[in-house]
Amino acid sequence: MRRRVLLLAFFFSIPLLLTSALPARNKPKTAASDKIRQDFSNFVDIPGAQMAGQEQCAQCHADLAKGFHFSQHAMQEVSCEQCHGAGSLHIAAGGYTTESKDKIISFRDRSAEKANGVCLSCHAKSDHVRNWFSGAHQAQDIKCVDCHTIHAAAHSDSRGEFQGETPGIPRAIESLRQMNDNCMRCHQKQNAEADLPYHHPIREAKMSCMDCHDPHGGDAGNNLKLSNTNQLCLNCHAEYQGPFTFQHAPVNESCLKCHSAHGSPNQNMLSISQPALCLQCHSAHHNGASLPLVDRCTNCHNAIHGSDIPSATGGSKFIDK
Ligand code: HEC
Ligand code: HEC
Ligand code: HEC
Ligand code: HEC
Ligand code: HEC
Ligand code: HEC
Ligand code: HEC
Ligand code: HEC
Ligand code: HEC
Ligand code: HEC
């Protein structure tokens, strides 16, 4: 009897065990997510070639091999041929010539699809790149190696000694400043905005583009990390997180109704300076009187993001002082 109860309990728990073993994410099936399940192994195939072993490669590519030795990939035991394909035919041909071009995978003239296919043969299911197939960069044929350096000279000092977790970190991703510079190399508009008088401290390397964007892409549009732009801003500017008794309608709609995200010539990164900003939506003032001629409406309306303080005439005029 006792055994039967146990047995029953076991059978009933099977579906439970199965569901809990499934990944928590429940992404809708789209063309893009089908693509993720594609097998990328053919992108590292070299027909007829055999693995020769990393030591062989080092014989002729000593400097590269020395630098590579200290990279994350080498530490994870990723070897040359897992990216460049099996090397026997390349070695037999004595190197890379016009005739033996197809005997080794060079990233030099490879199309984006084929170059990225090599990386995706391992990283397609990697957490960091899961958004790749729904992102603007994939759609524009950007390569992984436009942003990631695999063989960086900074990996080791002149004697090939490991430098530790110093600025020359042995990683395929670089310092904040280098990352930002790399993004701005292609994104000239944001590059210019970063130099405007009021800006997020990108140039100062206190922030990076990746605080708001996922470089690999995303369903959120604009490669943003969160589809709810206000929530993205409020993660760091929590003092404006409501709910307030009296909300200022445009603040709830979008911070970008009044602010630019990257930089602006106007104080407080306003997309239009005061009072013109406010006058887009407001025309009359106290009892229909014309608006006072001031630079800053927020001299008086200082709680412009929302307030709990009612005004004498009802509602709130966002005057907390
Ligand atoms: C017998 C010497 C020799 C061996 C061994 C050898 N290579 Fe090469 N390889 C060359 C020469 C020569 C070139 C052409 C000159 C250059 O780019 O350094 C070359 C070019 C390459 C290139 C293309 C570089 C480019 O222009 O984009 C890659 C990739 C490469 N080798 C990878 C490997 C790998 C991986 C191995 C180990 C499986 C290996 N090689 C073993 C001699 C060799
Ligand atoms: C994780 C993938 C990966 C691994 C592993 C890897 N490489 Fe590379 N290799 C690349 C990429 C990508 C490039 C193109 C240049 C770049 O972005 O650094 C490249 C470029 C090269 C080149 C030509 C570039 C040049 O400066 O002449 C050679 C030769 C080469 N690799 C050899 C090797 C050897 C030898 C090993 C092992 C010691 C190795 N690679 C391991 C990805 C890899
Ligand atoms: C043979 C499998 C394999 C291939 C092919 C491969 N990687 Fe990796 N890569 C790994 C593993 C394993 C790690 C370490 C674990 C992790 O971070 O996912 C790693 C780590 C990384 C990292 C983070 C660590 C670091 O060095 O900063 C980056 C970035 C990266 N790979 C980019 C690439 C790019 C770009 C390519 C194609 C040129 C590539 N990988 C090809 C297996 C691979
Ligand atoms: C537009 C630039 C860009 C492109 C293109 C890009 N990456 Fe990245 N990748 C980054 C940056 C920047 C980071 C660091 C992310 C961060 O700090 O939030 C990163 C992080 C990673 C990591 C995780 C490193 C770690 O351990 O934290 C992996 C793995 C990786 N990228 C692989 C790839 C692969 C594979 C591709 C191509 C399919 C690719 N990336 C294309 C910019 C890029
Ligand atoms: C504080 C958050 C934040 C930071 C930091 C940030 N962005 Fe943005 N970015 C946004 C938001 C929000 C949008 C969408 C609204 C818009 O177009 O301004 C956007 C849009 C974009 C767009 C698409 C719209 C266009 O004008 O082409 C690009 C490209 C872009 N950002 C690049 C960058 C680059 C490059 C960096 C780093 C230099 C960066 N962003 C830093 C928030 C940010
Ligand atoms: C090799 C050039 C290149 C590099 C490097 C690059 N991008 Fe882009 N990026 C593009 C192109 C091309 C587009 C598509 C056209 C556009 O919107 O400007 C794009 C689009 C974007 C968009 C807009 C997405 C959309 O939906 O419109 C954002 C945001 C963005 N990139 C952020 C970044 C960030 C952050 C980095 C650095 C990690 C970066 N890019 C590095 C070329 C690049
Ligand atoms: C990763 C954190 C982070 C995110 C996300 C973020 N900010 Fe900021 N923001 C900062 C920092 C840091 C400063 C600079 C503060 C300083 O200099 O005292 C700043 C400054 C500002 C300023 C004041 C600029 C000035 O010149 O006075 C405004 C306005 C602003 N952010 C709006 C936004 C908006 C809108 C968003 C969403 C698109 C956003 N922030 C997202 C961190 C963030
Ligand atoms: C109706 C226009 C408007 C909207 C919408 C708006 N702001 Fe503002 N914001 C302003 C004005 C005006 C100032 C300047 C306030 C002053 O002069 O004291 C300002 C100033 C700021 C500052 C800099 C002042 C400080 O505290 O350092 C930050 C940060 C900021 N806003 C964040 C946000 C965030 C986050 C959102 C979205 C939740 C948002 N704003 C939505 C108008 C707006
Ligand atoms: C994108 C349009 C928009 C912008 C820009 C905007 N507002 Fe508003 N504002 C509104 C809306 C909508 C309401 C709520 C409707 C109402 O009660 O009249 C409101 C309400 C107000 C109220 C309370 C009105 C009342 O009768 O209770 C004040 C005060 C106010 N805004 C001041 C400002 C100031 C100051 C600025 C500039 C820093 C500004 N607003 C920018 C749309 C805007
Ligand atoms: C000298 C202080 C002061 C300045 C500057 C100021 N306001 Fe006001 N505003 C007030 C007061 C006081 C009220 C009425 C509050 C009440 O009814 O309790 C008010 C009310 C409002 C109202 C509510 C509608 C109404 O007529 O009562 C709006 C909208 C408004 N102001 C917008 C603006 C705009 C836009 C600017 C900038 C062009 C501005 N204010 C500049 C003090 C000011």
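**Notebook: iron sites and ligand shells**

I started with H84, which counts as partly exposed at 25% relative accessibility (buried is under 20% relative accessible area, exposed over 50%, partly exposed in between, with a 1.4 Å probe and protein chains only). The model is predicted, so local features need pLDDT of at least 70 and side-chain atom pairs pLDDT 80 or more, while totals for chains, interfaces and linings use all residues. Residues are numbered from 1 along each chain as its sequence is written, chains are lettered from A and ligands numbered from 1 in the order written, and side-chain values use heavy atoms, without hydrogens and water.

**Entry 1: iron of ligand 2**

I looked up H84 for its metal. H84 and H151 coordinate the iron atom of ligand 2, each through NE2, at 2.0 Å (donors are N, O and S atoms within 2.8 Å of the metal, or 3.2 Å for Na, K and Ca; water is not among the atoms, so sites may look incomplete). H84 is in helix α6 (residues 80-84) and H151 in the loop between α9 (136-139) and α10 (176-186), so the two tie together parts that are 67 residues apart in sequence. Helices here are DSSP runs of H or I with at least four residues, strands are runs of E with at least two, and both are numbered from the N terminus. H151 has a relative accessible area of 38%, so I put it down as partly exposed.

Then I checked the geometry. Six donor atoms surround this iron at angles of 88 to 180°, which makes the arrangement octahedral (for six donors: opposite ones over 155 degrees apart, all others between 65 and 115).

**Entry 2: iron of ligand 7**

Which residues are the protein donors here? I found H200 (NE2) and H237 (NE2), lying 2.0 Å from the iron atom of ligand 7. H200 lies in the loop between β1 (198-199) and α12, and H237 in the loop between α12 and α13, so this pair ties together parts 37 residues apart in sequence. The site is octahedral, with angles of 88 to 179° among its six donor atoms. I also noted H200 at 22% relative accessibility, so partly exposed, and H237 at 37%, so partly exposed too.

**Entry 3: ligand 9**

For ligand 9 I began with the iron atom. H248 (NE2) and H282 (NE2) are its protein donors, 2.0 to 2.1 Å away. H248 is in the loop between α12 and α13 and H282 in the loop between α14 and β3 (284-285), so to speak distant parts of the chain, 34 residues apart. The six donor atoms subtend angles of 86 to 178°, so this arrangement is octahedral.

Is H248 buried or exposed? H248 is at 17% relative accessibility, so it counts as buried. H282, at 44%, counts as partly exposed.

Next came the shell. I got 14 residues around ligand 9, with H248, C278, C281, H282 and K317 nearest (near: a heavy atom within 4 Å). An N or O side-chain atom of K317 is 3.2 Å from an oxygen atom of the ligand (polar contact: a pair of N or O atoms within 3.5 Å; within protein, one must be able to donate a hydrogen and the other to accept it, and sequence-adjacent residues count only through side-chain atoms on both sides). α13 and α14 (276-279) are the elements giving two or more residues to this shell.

**Entry 4: ligand 8**

I looked up ligand 8 and got 20 surrounding residues, the closest being Y240, C255, C258, H259 and H305. Its oxygen atoms have side-chain partners in R296, at 3.0 Å, and T298, at 2.8 Å. A nitrogen atom of ligand 8 is 2.8 Å from a side-chain N or O atom of H305. α12 (229-234) and α13 (249-253) each supply at least two shell residues, and α12 gives the largest share, three residues.

**Entry 5: S264**

Last, I checked S264 in strand β2 (residues 263-264). Its relative accessible area is 3%, so S264 is buried. The S264 side chain reaches the backbone oxygen of L270 at 2.6 Å, and one of its polar atoms is 2.9 Å from the backbone nitrogen of N266. Neighbours within four places in sequence aside, I found S264 in contact with L196, P197, Y198, M269 and L270 (heavy atoms within 4.5 Å).

How values were computed. Four donors count as tetrahedral if all angles lie between 85 and 135 degrees; four count as square planar and six as octahedral if opposite donors are over 155 degrees apart and all others between 65 and 115; anything else is irregular.
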